[in-house]
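The following exercises concern ring contacts and burial. Each task is followed by a solution that proceeds step by step.

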Amino acid sequence: MNRKEHSLPDDSHKHLINMKKTLLNLAFLSLLAFVATGCSSDEEYNADTAISYYKPLEYDKMVSSIAITSNVSNRNYSWTYNFVYDAQNRIKEINGNTKFYENNIKQNCEGTVQTRYYYNNETLKVQYQYDIYIPKLDKNISSNAKYFGHFDKEDGKLTSFDSFDCEYSGFELTRAYTDYGTSFGLEYDRDQNIVKSYQIDSLGKAAENTIKTYEYSTKVNKTNIDFASFLGYNIIERNIPCNEFHPYELFHLGAFGMFGSRGKNLPKGEWEFDEQGYPVKFVSQQNRTYIIKYKE
């Protein structure tokens, strides 16, 4: 079967270089994916009535946008996600925009992204279009691709996506094996929060130089967004091509519960809440500010 983040300042130049290198590869992969799935038209797809084994949990309030900002050396960096849901509360689109400073050319740059999700029983298709404008060069850099995954028929969690095959313990995603011979692991606490992630070496153990650990607040996450995954704690998802660099990931499968369980608690940091206990502002340990808004 053929399946198929500028980051903030320290990673933005890596992302731009990576994007240039992968444009041709992405176009080729996109063509292969289209051929593999036939010629059905997306124009005929109806998000509100599409049937899927994936069924998100119900929440009283749905996050409509998350705006991320950071200031480094008096330079402002930003990324905004705007979320659109279908009638069944599944993520339908993410429309985003970014402003960043590219060190290689010493220039402020802007970018836009649109990610769309298509559900068909056990199949998930994710399609994105990403454009970066570089004023100094008067040049646009564009990227687009399609990715495919499959949901379990019994419980709706992803069994595979792109080049990954997923392994679970109950509802917890514990390991993923890639088509390229590498594998990744996740560990959880008793509240199903991801507390450790790592790449697995040839002996089946956690490679020491890849181990990352994560801390959480005591606050319960009442939103429909799994913020741990949104912040990039699920390194399995972050190793999908063109989705590597937090916080500029192009799609957030874990954030919307497609990888099984979600953690109980909000990640460690400074949180502000509305009168109903929903988070409206978060300052991360990396001093990035997140402004959270909800559907009316």
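A charge sits over a ring if NZ of Lys or CZ of Arg is within 6 Å of the ring centre and within 35 degrees of the ring normal. The model examined here is predicted.

**Exercise 1.** Determine which ring lies beneath the charged end of Lys125.

*Solution.* The charged end of Lys125 is placed over the ring of Tyr118, at 4.7 Å from its centre. A further case is Lys157, which lies over the face of Phe171 with 5.2 Å to the ring centre.

**Exercise 2.** Classify the aromatic pair of Tyr147 and Phe161, and locate both residues.

*Solution.* Step 1: the whole structure contains 22 aromatic pairs. Step 2: in the pair of Tyr147 and Phe161, the centres are 6.2 Å apart and the planes make an angle of 15°. Step 3: planes under 30 degrees apart count as stacked, so this pair is stacked. Step 4: Tyr147 belongs to strand S6 (residues 139-151) and Phe161 to strand S7 (residues 158-161), so the pair ties together parts 14 residues apart in sequence. Step 5: Tyr147 is buried at 3% relative accessibility, and Phe161 is buried at 1%.

**Exercise 3.** Repeat the analysis for Phe164 and Phe184.

*Solution.* Step 1: with 6.1 Å centre to centre and 50° between the planes, this pair is tilted. Step 2: Phe164 lies in strand S8 (residues 164-169) and Phe184 in strand S10 (residues 183-188), so the pair links parts 20 residues apart in sequence. Step 3: Phe164 is buried at 3% relative accessibility, as is Phe184 at 6%.

Notes:
Residues are numbered from 1 along each chain as its sequence is written. This is a predicted model: local features need pLDDT of at least 70, side-chain atom pairs count only at pLDDT 80 or more; totals for chains, interfaces and linings use all residues. Side-chain values use heavy atoms; hydrogens and water are left out. Rings of Phe, Tyr and Trp (its six-membered ring) pair if their centres lie within 6.5 Å; planes under 30 degrees apart count as stacked, over 60 as edge-to-face and the rest as tilted. Helices (H or I, at least four residues) and strands (E, at least two) are DSSP runs, numbered from the N terminus. Buried means under 20% relative accessible area, exposed over 50%, partly exposed in between (1.4 Å probe, protein chains only).
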